[in-house]
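Student: I am new to this structure and would like a close look at a single part of it. Please choose one part, go through it carefully, and then show me how it fits into its surroundings.

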Amino acid sequence: MTTKRLTILCGHYGSGKTNVAVNLAFKLREQHDRVTVADLDIVNPYFRTKDSMKEFDERGIRLICSPYANSNVDIPALPQELYSVTDDKGQTVVLDIGGDDRGALALGRLAEQIKVEGDYAMLMVINRFRPLTPDVPSTLEVMREIETACGIPFTGLVNNSNLGEETTADDVLGSLAYADEVAKATGLPLVMTTVKDTLYNELKGQINNLFPLMLQDKPFM
């Protein structure tokens, strides 16, 4: 995939976008000196990117998230340093956005600056195995809601159709028709299809733009 300075990952709650965000940050750190993950997921009070704080520290990746992350305090607060995402253009940033149009409202705070700069990819993470996005019409409805809420149009798709640790190679292969249909209906490119790292070698060569994921301990967040 072509790297933009800002990669924005959106998707319905449970699509797995946070796991994609974490792994994408790891990959970007191999190519860029300064990588930041900004967790804007105010829908999920646990702010799951913080589960990977140890791995971020080991790789020199900065994390911006709520001061209440991984606590039992359910307050949709975002830190002031969030604005460094658009102000400091010397960093490569992955933004993990909340699980529906409510979560996307947080991104709206940065929307104008992001669009003015123009160096971004706005990616919809789709997962056909989640109950609210099992088919093309339902997926398109979620996409429209997110775009309306944040004011930024999508530029591409990520097929993250999986069942966590239970995912098989056939599950991934079986999701390709769904992903292609969403791409056709939206006119957006399918930027990548993700797969857990233990299946990568089995599927390599069968799927274009295959991206291996090291799964977090708690899937589907």
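Tutor: What follows is a walk outward from one strand to its neighbours, the sheet and the cores.

The model is predicted, so local features are given only where pLDDT is at least 70 and side-chain atom pairs only at pLDDT 80 or more, whereas totals for chains, interfaces and linings use all residues. Residues are numbered from 1 along each chain as its sequence is written, and side-chain values use heavy atoms, with hydrogens and water left out.

The part I have chosen is strand β5, residues 120-126. Helices and strands here are DSSP runs numbered from the N terminus, with H or I over at least four residues for a helix and E over at least two for a strand. Seven of the seven residues of β5 are buried, so this strand is largely enclosed by the rest of the structure. Buried means under 20% relative accessible area, exposed means over 50%, and partly exposed lies in between, with a 1.4 Å probe and protein chains only. The cover extends to both faces of β5: Tyr-120, Met-122, Met-124 and Ile-126 are buried on one side, and Ala-121, Leu-123 and Val-125 are buried on the other.

Next come the strands beside it. Strand β1 (residues 6-10) runs parallel to β5 and is joined to it by five bridges, with Thr-7 standing opposite Ala-121 of β5. Strand β6 (residues 156-159) also pairs with β5 in the parallel sense, here over four bridges, and the partner of Leu-123 in β6 is Gly-156. Two strands count as paired if DSSP finds at least two bridges between them. Helix α6 (residues 136-150) forms a right-handed β-α-β unit together with β5 and β6; right-handed means that, with the strands pointing away from the viewer, the path from the first strand over the helix to the second runs clockwise.

In β6, Leu-157 repays a closer look. Leu-157 is buried, with a relative accessible area of 0%, and although Leu-157 and Ile-126 are 31 residues apart in sequence, their C-alpha atoms are 7.2 Å apart in space. Not counting residues up to four places away in sequence, Leu-157 touches a number of residues, including Leu-123, Met-124, Met-143, Ala-179, Val-182 and Val-191, where contact means heavy atoms within 4.5 Å.

Seen in its wider setting, β5 belongs to an open sheet of eight strands with parallel pairing, in the order β3-β2-β4-β1-β5-β6-β7-β8. The edge strands, each pairing on one side only, are β3 (62-64) and β8 (210-213). Neighbouring strands of this sheet are turned by 25° against each other on average, direction ignored; axes are lines fitted to C-alpha atoms, for helices over the stretch in contact, and angles run from 0 to 180 degrees between N-to-C directions.

Toward the β3 edge, strand β2 (residues 35-40) pairs with β3 in the parallel sense over three bridges, and Thr-36 has Arg-62 in β3 as its bridge partner. At the other edge, strand β8 contains Pro-212, which is partly exposed, with a relative accessible area of 33%. Pro-212 is in contact with Asn-23, Val-195, Asp-197 and Tyr-200, leaving aside its neighbours within four places in sequence.

Two helices that touch β5 can now be added. Helix α1 (residues 17-29) lies across β1, β2, β4 (92-97), β5, β6, β7 (190-196) and β8, and runs at about 175° to β4. Helix α8 (residues 176-186) packs on the sheet as well, touching β5, β6 and β7, and its direction makes about 170° with that of β6.

Finally, there are the cores. The largest nonpolar core has 36 residues, and those with the most contacts inside it are Ile-8, Val-85, Leu-95, Leu-107, Met-122 and Ile-152. Such a core is a set of buried Ala, Val, Leu, Ile, Met, Phe, Trp, Tyr and Cys residues joined through side-chain atoms within 4.5 Å. The elements that give two or more residues to this core are β1, β2, β4, α4 (101-107), α5 (111-117), β5, α6 and α8, and α6 supplies the largest share, seven residues. Apart from this core lies another, of 23 residues, among them Phe-26, Leu-63, Val-158 and Val-191.

For the protein chain as a whole, there are nine helices and eight strands, and buried residues make up 53% of its 221 residues.
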